[in-house]
Amino acid sequence: MKNKFLLIGAPLIIVTAFAGFIGWNTYHSAMDTTGMQYVTPETFREWYSQGKALVVDVQTYGGYTQMHFPGSLPTHAYPVRTPDQKKRVESVIPTIKKSKKPVVLVCPGGITGAPNARVHLLSKGIPNKRLFVLQGGTFGFPWKNMMISGTRR
């Protein structure tokens, strides 16, 4: 019985795991992470407190109303995959171009929406050196008292 498992079951498990990895890697490698810059919560806190960053919030409307940074530019574009969501990100491009400040992209966890917004902004000519993703997003930001709820800007 053990030999049948070793001959049939073990290779099947290995092939399945490998196929899963290939599928996962294909899905995740579609995002251009070349040169991705993360800003730590500590550095962001300093930039934000001193008015040294332009904050673009890509959370959904519901996420934004639950918690966001005052003065951030809401796009409600999460997860920034569909043409409509990408258009919402494009709505802040004129403001980005008027400013010389670094642009900090904020989403709930810093894993999907903000990196996707970064890729889209790169495709629209915003230089990579200006684009930063808030590490950990709003969920991982330790100073919740810096955020507000509601739709005020």
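**Group meeting talk: a five-stranded parallel sheet and what packs on it**

Okay, let me start right in the sheet: V39 has L134 of strand β5 as its bridge partner. Before I go on, keep in mind that this is a predicted model. V39 sits in strand β1, residues 38-39, and β1 runs parallel to β5, joined by 2 bridges.

Now the other neighbour of β5. That's strand β4, residues 103-106, which pairs with β5 in the parallel sense over 3 bridges. If you want a residue to click on, V103 stands opposite L131 in β5. To get from β4 to β5 the chain passes through helix α6, residues 113-123, and that β-α-β crossover is right-handed.

Let's zoom out for a second. The protein chain has 6 helices and 5 strands, and from the N terminus on they come as α-β-α-β-α-β-α-α-β-α-β. The 5 strands make an open sheet with parallel pairing, in the order β1-β5-β4-β2-β3. β1 and β3, the latter at residues 73-74, are the edge strands with a single partner each, so one side of each has no neighbour in the sheet. Further in, β2 and β4 run parallel and are joined by 4 bridges, with V55 opposite V104 of β4. On the contact side, take the contacts with a separation of 6 or more: 71% of them are between residues 24 or more positions apart.

Back to β5, then. Which residues of β5 are buried on its two faces? On one side you have L131 and V133, on the other F132 and L134, and all of them are buried. So what's lying on those faces? Let me take F132 as the way in.

F132 makes an aromatic pair with W47, and the geometry is edge-to-face: 5.1 Å centre to centre, with 80° between the planes. W47 is in helix α2, residues 41-49, and F132 is in β5, so this pair ties together parts that are 85 residues apart in sequence. Both W47 and F132 are buried.

There's another edge-to-face pair worth a look, F141 with W143, at 5.5 Å centre to centre and 70° between the planes. Are those two buried or partly exposed? F141 has 1% relative accessibility, so F141 counts as buried. W143 has 23%, and with the buried class ending under 20%, W143 counts as partly exposed. These two also belong to a bigger picture: ring pairs link F44, Y48, F69, F141 and W143 into a cluster. And for the cation-pi fans, R45 lies over the face of W143, 4.2 Å from the ring centre.

Next, the nonpolar packing. The largest nonpolar core has 20 residues, and V56, V58, V89, I96, V103, L105 and L121 have the most contacts inside it. Who pays into that core? β2 (54-57), α5 (93-98), β4, α6 and β5 each supply at least two residues, and α6 gives the most, with 3. To get a feel for one member, select V58: leaving aside neighbours within four places in sequence, V58 touches T75, H76, A77, Y78, V80, V89, V106, C107, G113, A114 and A117. There's also a second, separate core of 14 residues, and that one includes W47, M67, F69 and F132. So the W47 and F132 we just met turn up again there.

Since α6 keeps coming up, let's stay with it. How many of the 11 residues of α6 are buried? 8 of them are, so α6 is largely enclosed by the rest of the structure. The buried ones are G113, A114, P115, N116, A117, R118, H120 and L121. As for what covers them, the list includes β1, α4 (83-90), α5, β4 and β5.

And last, what happens where α6 ends. G125 follows α6 with a positive phi, near 95°, and G125 lies in the loop between α6 and β5. G125 comes out at 55% relative accessibility, so G125 counts as exposed. Measuring in space rather than along the chain, G125 and K97 are 9.8 Å apart, C-alpha to C-alpha, with their positions 28 residues apart in sequence. For the whole protein chain, buried residues make up 38% of the 153 residues.

That's my tour, happy to take questions.

Terms used
Residues numbered from 1 in each chain as written. Predicted model: local features only at pLDDT ≥ 70, side-chain atom pairs only at ≥ 80, totals over all residues. Heavy atoms only, no water. Buried < 20%, exposed > 50% of the residue type's maximum accessible area, 1.4 Å probe, protein only. Pairing = 2+ DSSP bridges. Right-handed = clockwise from strand over helix to strand, strands pointing away. Phe/Tyr/Trp six-rings, centres within 6.5 Å; stacked < 30°, edge-to-face > 60°. Lys NZ or Arg CZ within 6 Å of the ring centre and 35° of its normal. Core = buried A, V, L, I, M, F, W, Y, C linked by side-chain atoms within 4.5 Å. Contact = heavy atoms within 4.5 Å.
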